[in-house]
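Student: Hi! I've got a structure open and could use some company while I look through it. Can we go over it together?
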Amino acid sequence: MQNTNTHIRDLDTLPVSTLFWRYAIPSIAGMLVTGLYAVIDGIFVGHYVGSHGLAAINLAYPLVMLQVGLGAMISMGAATRIAIQQGAGDMRAARGTLLAALALLVLLSALIPALGLPNIDLLLSWLKADVQPQVAEQARGYLLLMLSGAGLTMGPMLLTYLVRNDGRPKLSTALMTLGALLNIGLDYLFVGVMGKGLAGAAIGTLLAEAVVLLLALAYFFSPRAALRIQLGRLRPDWQGLWPILALGAPSLLMELNLALLLFAHNRQLLVWGDDLSVAAYAVAGYSESLFTLVIHGLAVGMQPLLGHAIGAGQPERARAALLHGLKVGLAIGVAAWAAVQLFPAWIAGWYSDGSSELIEAGSRALRLHLLAMPLDGLVIVGATALQAMALTRLALGVTVGKTALLLPALALLPMAMGLDGVWLAMPLVNLLLGAAVALLLWKQFDQLQGDVILISQIQEWEGDDMAHFKQPRQQEMARRDQLLRNRLLEAGIQQYVASGTESIYYLSGISYEPLERPFFLLLDAASGKRKLLVPQLEHAHLKQAWNVEEEDVHSYREYPAPAGQRWEDALIPLLCDRFAFDPATPLHHAEFMQSVGGRADDALDRIRMVKSSWEIAKLARAGRYAAEGVNQLLRGVYDGVSVAEGYATGQQLLRRIIREEPDFDPLCTRVLLAPWPAPLSAQPHAIPQLSQRLKDGPHVVISVVRLDGYTAECERTFFTREPTAPQRERFQLMGEARSLAMSMLRPGVACGEIDEKVNDFLQDRSFGDWRLRLHRCGHGLGLGNHEAPWLAQGSADVLQAGMVVSIEPGIYLENEGGYRHSDTLAVTEEGWINLTGQAAVQLEALTIAAAKPAQRMKGYFIRKMVSA
């Protein structure tokens, strides 16, 4: 369990470059090992059966590729869906997807032999494998066995994919390595020693795959599996069948492409060449399959990172994973191309029984047919990346495009170039398709970076140099000033009076502690002239306010003060005839301003609801610290940890912020980081005692960071003991409500509708009593920890791009505790960005069951200091 927790948390927190190599290296190695199944078959067939065997396996192989394609469809579809569901914290749905994928595997394992075996002669004729008796005999024996064992061909592919996605990439690689080694030994036994020809190669392959299948199934029935299969809880997600098929369809089409193209090449080679040409193509085909499996392994290793980042709303991590995949894919493609061009005869010799004619023909086939290997790799990585991002139509388009271009090329080029035209058709298509994929991926990079309201603005604004921040801040202040003045003029308001601390900070950039003394900022809508009225105590300090001349900083004596020297006496001469004031104005001050002709107006609130990219970058900085605070606290908790130890973690985070932030302002920076122990976690606004200890959950960690005035929050439900089955169900239900709310975040959606849908969802699942939910689905964040828009039934607010909100539907049981995750999300034109997405989400990562002796010793001293 602890290893699984670490794996899931790592996907959210470790650098993408580290994770990429952790997943890509085992996956590439595993696919390289998997490729040896076909390569070893070819080597043994070439050496022990001869050219007739090579021709037979090459002509029969399109049907085997069909089986591989069906297995790849289930594997990639299920793996992508599970990764996205895990990224969104929905482990119950991920387990249902796993069971649905296994059900599909069983169904296809029965259908393929039922349909194929009675029609074996028809299939051989269609494949042109019945032209020569020797070829027909070998092909028939091979296909009878491979069709019968279809489930053994597809099953290991599915389960090793899912073992890797379950956080066990090394185990997945070990299983594939074991299968390859068994295949080598069994091929030698059945083909080399016993002389069973192609049928022996099929027997060896199926027996090796059967061992891998059984071992992988045993893993998923074991307690080590995060998505453990339990006989009493076999509930497949039947509604997930179509998404699995849809997400995996590009993988099927990719294999069908290869099968169709193999078939088309065989046909054209027989027309423009002879049997030797088909054998030469078998040499090139085995070498090509080894390369494409390595590239596919790279893409498969990238897939969980990309799928998880998309599901967790982390576009910056998705972009980094994609970039790493493309760079490494191109590097492998260039290296493979160089090897083929420099050493073709040596490679062709692997598959020959010493025939110089086959080596010569195979060398030419290798050099011409594999001329565009780097671009071939780009197409494979690109199509898989589009699948992992759930961009199924684009991935399908790439895959279908290969067939659409290659078939005409195979038909036309030989008319002008003869046999060489057959060899060069594939490189030409890879050139054209590679350019198209590069354009598609470039657009995806733009979209991910254009969600970079976040990414680019963090890089642009978040420098260590204060001078770097100075000019953009001035531009931001001017933007706010112009927006407010335009609204005031449209409403016929001559002057605006701001008196709330946040409002004045928003308009002037100055921080202060008002206590009981009122402050006022007055803005003339027409001229833009500003005036400040402050207590004499703050007069010198407030001269730093943006765009306020020194002579326009006015002061009053004190609060309270004698008649004629009060703030009311100093304010009246500064007011215009038609003025409005901030609704956040304290009641006593508002009553006075109403008495002298003013009225409340929410013009400034409306502006503050929609954040600029500069503000979102500020919130992203705060959000990053809030999420890291959650992860830091979780690393230190254990069964019996005290609340005091959690608060100590908060102080560590604050000290880090002080060290790292060049524009640190103590009046505008706050950190609240602490655990709310069960059952007090059912009271979100109660205050835990420092001496309280965390034992049975659910507990809630609250991390609220205000940085340079801007506030982000991140909260997580967690356990320090293994949760019970009912607790797991309630946790999953909370996660599903959270995912539902997030799925509705986009411009134009009514905020009240989001809360209503979430309430209806929980009501349908026996949590209809609002006293079990306590609060709305979310609220706005910015300078205030709670501000508009309000994600609550009864709210008239409508989402716009640039709004920043929390999503935090909760379930609260008085004697048990609370279930609530909260994140800070920025609404974009395309949907949303999770500004606190680095925090752990899944139950497995939030169950902290380790002993942690060092933390316990540290906690002992903290508790002693608190109680002293």
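Student: How many salt bridges does a search of the whole structure find?
Tutor: The search turns up 28 salt bridges. Keep in mind that we are looking at a predicted model.
Student: Cool, what do the side chains of D420 and R364 do?
Tutor: They meet in a salt bridge, with 2.6 Å from N to O. D420 belongs to helix α17 (residues 419-450) and R364 to helix α14 (residues 356-369), so this pair ties together parts that are 56 residues apart in sequence.
Student: New topic: what is the strand order in the open sheet of 3 strands?
Tutor: The order is β7-β8-β9, and the pairing is antiparallel. β7 (670-676) and β9 (710-718) are at the edges with a single partner strand each, so one side of each has no neighbour in the sheet. From one strand to the next, the twist averages 5°.
Student: Over how many bridges do β8 and β9 pair?
Tutor: Strand β8 (residues 699-707) pairs with β9 over 9 bridges, in the antiparallel sense. If you want a spot to look at, find S703, which stands opposite C714 in β9.
Student: And which helix packs on the sheet?
Tutor: That's helix α25 (residues 643-660), which touches β7 and β8. The direction of α25 makes about 155° with that of β7.
Student: Let's switch to helices. At what angle do the axes of α4 and α10 cross?
Tutor: Helix α4 (residues 91-116) and helix α10 (residues 241-272) cross at roughly 75°, and their axes come within 9 Å. With that angle, α4 is roughly perpendicular to α10.
Student: Which residues meet there?
Tutor: From α4 you have T97, A100, A101 and L104, and they meet L241, I244 and L245 in α10. The residues of this contact divide into 6 nonpolar, 1 polar and no charged.
Student: Last thing, what's the mean pLDDT of the chain?
Tutor: The mean is 83, and 89% of the residues reach 70 or more. Among the elements of the chain, strand β12 (residues 804-807) has the highest mean pLDDT, 96, while helix α18 (residues 455-461) has the lowest, 45.
Student: Where does pLDDT stay under 50?
Tutor: One such stretch is residues 1-7, where the model has 17 contacts beyond four places in sequence. Over residues 451-471 the pLDDT is below 50 too, and that stretch has 41 contacts in the model beyond near neighbours in sequence.
Student: How should predicted coordinates be read where pLDDT is low?
Tutor: They should not be read in detail.

Notes
Residues are numbered from 1 along each chain as its sequence is written. This is a predicted model: local features need pLDDT of at least 70, side-chain atom pairs count only at pLDDT 80 or more; totals for chains, interfaces and linings use all residues. Side-chain values use heavy atoms; hydrogens and water are left out. Two strands pair if DSSP finds at least two bridges between them. Helices (H or I, at least four residues) and strands (E, at least two) are DSSP runs, numbered from the N terminus. Axes are lines fitted to C-alpha atoms, for helices over the stretch in contact, and angles run from 0 to 180 degrees between N-to-C directions. Contact means heavy atoms within 4.5 Å. Angles under 35 degrees count as roughly parallel, over 145 as roughly antiparallel, 65 to 115 as roughly perpendicular and the rest as oblique. Ala, Val, Leu, Ile, Met, Phe, Trp, Tyr, Cys and Pro count as nonpolar, Asp, Glu, Lys and Arg as charged, and the others, Gly among them, as polar. pLDDT is the predictor's confidence in each residue, from 0 to 100. A salt bridge is a side-chain nitrogen of Lys or Arg within 4 Å of a carboxyl oxygen of Asp or Glu.
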